[in-house]
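Please read the points below alongside the sequence and the model. They are meant for someone meeting this structure for the first time.

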Amino acid sequence: MSTDKFEHATFYLTQYQVDHIRELAKKNQISRSALIRMIIREYLAKQPDIKQC
C-alpha cells in the first residue's frame, strides 16, 4: 500500500549507497523505506521535465 502516487519505477543503487542509506536511517531513527521515499521525492523535485502529481 502506498500513500503517494509513485508509478512503477526502478532505481539501481550501488553497495556504497545502500550502506550509506542504512547508516542514515539508523542515525536518524527512520525506516529505510521512508528515507528512500524522501530521497526519491527530492530527486524528482530537481528534475525540470518531470510532472509532479
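**Notes on a predicted model**

1. D19 has a relative accessibility of 30% and so counts as partly exposed. This is a predicted model, and the values below should be read as such. The partner of D19 in a salt bridge is R22, with 3.2 Å between N and O. R22 is also partly exposed, at a relative accessible area of 40%. The two residues sit three places apart in helix α1, which means that about one helical turn separates R22 from D19. An α-helix has 3.6 residues a turn, so residues three or four places apart point the same way.

2. How many salt bridges does the structure hold? There are two. Besides the pair in α1, K46 is joined to E42, and their closest N and O atoms lie 3.4 Å apart. K46 is exposed, its relative accessible area being 60%.

3. Helix α1 runs over residues 15–28 and helix α2 over 32–45. The 14 residues of α1 reach 20 Å from the first C-alpha to the last, close to the 20 Å expected at 1.5 Å a residue. For α2, also with 14 residues, the end C-alpha atoms are 20 Å apart, in agreement with the 20 Å that the helix should span.

4. What follows α1? The residue there is Q29, whose phi is positive, near 50 degrees. Q29 has this positive phi although it is not a glycine. Q29 belongs to the loop between α1 and α2, and it is exposed, with a relative accessible area of 76%. A reader checking the backbone may wish to look at Q29 in the loop between the two helices.

5. Which residues of α2 are buried? They are A34, L35, I40 and L44. These buried residues pack against α1. I40 has a relative accessibility of 17%; the cut-off for buried is under 20%, so I40 falls on the buried side. I40 and F11 are 29 residues apart in sequence, yet their C-alpha atoms are 9.0 Å apart in space.

6. L13 lies in the segment before α1. With a relative accessibility of 43%, L13 counts as partly exposed. Setting aside neighbours within four places in sequence, the contacts of L13 are V18, I21 and I36.

7. The second largest pocket holds about 230 Å³ of space. Its lining is made up of F11, L13, Q17, H20, I21, L24, I36, I39, I40 and Y43. Both α1 and α2 supply at least two residues of this lining. Sorted by class, eight of the lining residues are nonpolar and two are polar, while none is charged.

8. Several residues from the earlier points return in this pocket. I40, a residue of helix α2, is one of those in the lining. L13, from the segment before α1, is also in the lining, as are two of the contacts of L13, namely I21 and I36. F11, which is 9.0 Å from I40 by C-alpha atoms, lines the second largest pocket too.

How values were computed:
Residues are numbered from 1 along each chain as its sequence is written. This is a predicted model: local features need pLDDT of at least 70, side-chain atom pairs count only at pLDDT 80 or more; totals for chains, interfaces and linings use all residues. Side-chain values use heavy atoms; hydrogens and water are left out. On a 1 Å grid over the protein atoms alone, a cavity is a set of points where a 1.4 Å probe fits but cannot get out, and a pocket is an open set with protein on both sides within 12 Å along at least five of seven lines; lining residues have an atom within 4 Å of a point. Grid points are joined across faces, edges and corners, and a volume is the space filled by probe spheres set on the points. Helices (H or I, at least four residues) and strands (E, at least two) are DSSP runs, numbered from the N terminus. Ala, Val, Leu, Ile, Met, Phe, Trp, Tyr, Cys and Pro count as nonpolar, Asp, Glu, Lys and Arg as charged, and the others, Gly among them, as polar. A salt bridge is a side-chain nitrogen of Lys or Arg within 4 Å of a carboxyl oxygen of Asp or Glu. Buried means under 20% relative accessible area, exposed over 50%, partly exposed in between (1.4 Å probe, protein chains only). The expected span of a helix is 1.5 Å times one less than its number of residues. Contact means heavy atoms within 4.5 Å.
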